[in-house]
Amino acid sequence: MPAEYAAGDPTLYATAIQDSIGMFNADGVMKPDGAANVLEVLSQFSPNVKGKKDQVDLAKTYTTAYATKAPAAS
């Protein structure tokens, strides 16, 4: 991993990774409710999404195609 990822504090970076590991699925595939949560969060502050959440069609913007094909490719 590049040193700049740690922003000068490798111990803090390792702690941050360890503390956030629970939000990842073992198979690497985000569940649909996870995509809905991301949309909800972005709608709170992103100028690209704020006030437009109802215009976002997750069926057109969220896919697991890459993640589900990756294991088959290895």
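Which residues line the largest pocket? In this predicted model, the lining is formed by Met23, Phe24, Asn25, Gly28, Val29, Met30, Lys31, Asp33, Gly34, Asn37 and Val38. The volume of the largest pocket is about 290 Å³. By residue class, its lining comprises five nonpolar, four polar and two charged residues.

The second largest pocket encloses about 160 Å³ of space. Its lining consists of Met30, Ala35, Val38, Leu39, Leu42, Val56, Leu58, Thr61 and Tyr62. Eight of these lining residues are nonpolar and one is polar, with no charged residue present. At least two lining residues are supplied by each of helix H2 (32-45) and helix H3 (58-61). The greatest contribution comes from H2, which provides four residues. Met30 and Val38 line the second largest pocket and also appear in the lining of the largest pocket.

On the surface, Met30, Val38, Val41, Leu42 and Phe45 make a nonpolar patch of about 440 Å². Met30, Val38 and Leu42 of this patch are also among the residues that line the second largest pocket. Val41, another member of the patch, is located in helix H2. The relative accessible area of Val41 is 48%, so this residue is classed as partly exposed; the category lies between the buried limit of under 20% and the exposed limit of over 50%.

Note on methods
Residues numbered from 1 in each chain as written. Predicted model: local features only at pLDDT ≥ 70, side-chain atom pairs only at ≥ 80, totals over all residues. Heavy atoms only, no water. 1 Å grid on protein atoms, 1.4 Å probe; cavity = no way out; pocket = protein on both sides within 12 Å on 5 of 7 lines; lining within 4 Å. Points joined across faces, edges and corners; volume = space filled by probe spheres on them. Nonpolar A, V, L, I, M, F, W, Y, C, P; charged D, E, K, R; others polar. Patch = residues over 30% accessible without salt bridge, like charges linked within 9 Å, V, L, I, M, F, W, Y side chains within 5 Å. Areas by Shrake-Rupley, 256 points an atom, 1.4 Å probe, with all protein chains shown as cover. Salt bridge = Lys/Arg side-chain N within 4 Å of Asp/Glu carboxyl O. Buried < 20%, exposed > 50% of the residue type's maximum accessible area, 1.4 Å probe, protein only.
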